[in-house]
Amino acid sequence: MKYYIIAGEASGDLHGSNLIKGLKAEDPSAEIRCWGGDLMQQAGGELAKHYKDMAFMGFLEVIANIPTIFKNIAFCKEDIKKFNPDVVIFIDFSGFNLRIAKWAKKNGFKTNYYISPQIWASREGRINKIKRDIDAMYVILPFEKQFYEKKHGYPVQFVGHPLIDAIENTKIVDETTFRKENDLDPEKPIIALLPGSRRQEVQKMLDVMLSINGDFPEYQFVIAGAPSLPDEFYSPFLRGNKVGYVSNKTYSLLKHSHAALVTSGTATLETALFEIPQVVCYKGNWISYQIAKRIITLDFISLVNLIMKKEVVKELIQSELTSKKLKKELSKIVEGKERERILEDYKILKEKLGGKGASQLAAQLIVKNA
């Protein structure tokens, strides 16, 4: 059969790559065309568009790039028609994907969604579009099944979280080799800095993260470079700072870290699955933040706290994200009772997420329903 997959970010590329592997295992003759990244291409997908051409962050940034977005939408529709797949599979990236889903459904294509749009966080009314345009939904967060089925009467399949498989399947070098290969201090414990994957968020987050570097001389701060950004992008942040840098090695960095400062997003859950105590950070464009604050209905922004339904890790958002507060919160988690409490809560979190095999299960259901 023929599968057309659309992912628009680095995390979608990761999960899409594992889904492609699952589809090929279930359907060895599968033809797969995709919007994604290097990982999906390496897994066997024919790349139609790279996510680097589509990652716009915040309301103002989206507005500024409307011509490009509409051009991408038109290209996507035409590309789907030419490929003529048995099923179109959407991975997160709701602003783009729900538009394509409406068109695809009207044009007779079967539509499956893997990794739900976060309508439980904002614009819940999008459930009507999902009911109308999506034939099958596969969710990865335990509370999403109850949200869709009990609150909205829309049946979904909970398949577990694909990060569990992604982490297990990633080759991680031993700590001695990792430190040596990346010119890191052989002894000092590592504080990982995960400032995000988009230019705008990294520019806003990294300066404040680095501002407390001198307050923790017994540790070494190490920046996790995103695969979507070139090494030279990080050069200004490295000048004058005694800080390490690794590119596209986030999992190895987390594995060998003592604590982390993490921009809100998928990385907060990845950090928790590696059992690394963290402080969650977020600072966006002021106008974009003011708009988001009025439409997002959640008590927390990090997946860790949302899944656990309580504050497991500290969140410093917008004006709360200052050097003074960041220093205070990091001090709490490098040692002591707060650190131990977080590690205990992480164990419960892992149980809630279910076991291994999310991508494989999703692939099985997609092939079965196609």
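What follows is a dialogue between a trainee and a mentor on a predicted model.

Trainee: How many aromatic pairs does a search of the whole structure find?

Mentor: The search gives 14 aromatic pairs.

Trainee: What makes W35 and F75 a tilted pair?

Mentor: Their ring centres lie 5.8 Å apart and their planes meet at 45°. Centres must lie within 6.5 Å for a pair, and tilted covers angles that are neither under 30 degrees nor over 60. Both values satisfy these conditions, so the pair is tilted.

Trainee: Which parts of the chain does that pair tie together?

Mentor: W35 belongs to strand β2 (residues 31-36) and F75 to helix α4 (residues 66-83), so the pair links parts that are 40 residues apart in sequence.

Trainee: Why is W35 called buried?

Mentor: The relative accessibility of W35 is 0%, and buried means under 20%. W35 therefore counts as buried.

Trainee: How do you know whether F75 is buried, partly exposed or exposed?

Mentor: F75 has a relative accessible area of 33%. Buried ends at 20% and exposed needs over 50%, so F75 is partly exposed.

Trainee: Which residues form one aromatic cluster with W35 and F75?

Mentor: F93 and F96 join W35 and F75 in that cluster.

Trainee: What makes F216 and F221 a tilted pair?

Mentor: The centres of the F216 and F221 rings are 6.2 Å apart, within the 6.5 Å limit. Their planes stand at 35°, so the pair is tilted. Both F216 and F221 are buried.

Trainee: How do you know that the charged end of K49 sits over the ring of F75?

Mentor: The charged end of K49 is 5.2 Å from the centre of the F75 ring, and the limit is within 6 Å, together with an angle within 35 degrees of the ring normal. K2 likewise lies over the face of F83, at 4.6 Å from the ring centre.

Trainee: What makes β11 and β12 paired strands?

Mentor: Pairing takes at least two bridges, and four bridges join strand β11 (residues 259-263) to β12. The two strands run parallel. One bridge has T263 with C281 of β12 as its partner. Together with helix α13 (residues 266-273), β11 and β12 make a right-handed β-α-β unit.

Trainee: Which strand pairs with β12 in the parallel sense over four bridges?

Mentor: That is strand β13 (residues 314-317). The bridge partner of V279 in β13 is K314.

Trainee: Why is β12 called mostly covered?

Mentor: Strand β12 (residues 278-282) has five residues, and four of them are buried.

Trainee: What makes β3 and β7 edge strands?

Mentor: Seven strands form an open sheet with parallel pairing, in the order β3-β2-β1-β4-β5-β6-β7. β3 (46-50) and β7 (157-158) each have a single partner strand, so one side of each has no neighbour in the sheet.

Trainee: How many bridges join β6 to β7?

Mentor: Two bridges join strand β6 (residues 136-139) to β7, and at least two are needed for a pair. In β7, F158 is the bridge partner of V139. Helix α7 (residues 142-152) lies across β6 and β7 and runs at about 145° to β6.

Trainee: Why does N18 count as buried?

Mentor: N18, which is in helix α1 (residues 10-26), has 9% relative accessibility. That is under the 20% cut-off, so N18 counts as buried. Leaving aside residues up to four places away in sequence, N18 touches A166, N169 and S359.

Terms used:
Residues are numbered from 1 along each chain as its sequence is written. This is a predicted model: local features need pLDDT of at least 70, side-chain atom pairs count only at pLDDT 80 or more; totals for chains, interfaces and linings use all residues. Side-chain values use heavy atoms; hydrogens and water are left out. Rings of Phe, Tyr and Trp (its six-membered ring) pair if their centres lie within 6.5 Å; planes under 30 degrees apart count as stacked, over 60 as edge-to-face and the rest as tilted. Buried means under 20% relative accessible area, exposed over 50%, partly exposed in between (1.4 Å probe, protein chains only). A crossover is right-handed if, with the strands pointing away from the viewer, the path from the first strand over the helix to the second runs clockwise. Contact means heavy atoms within 4.5 Å. Axes are lines fitted to C-alpha atoms, for helices over the stretch in contact, and angles run from 0 to 180 degrees between N-to-C directions.
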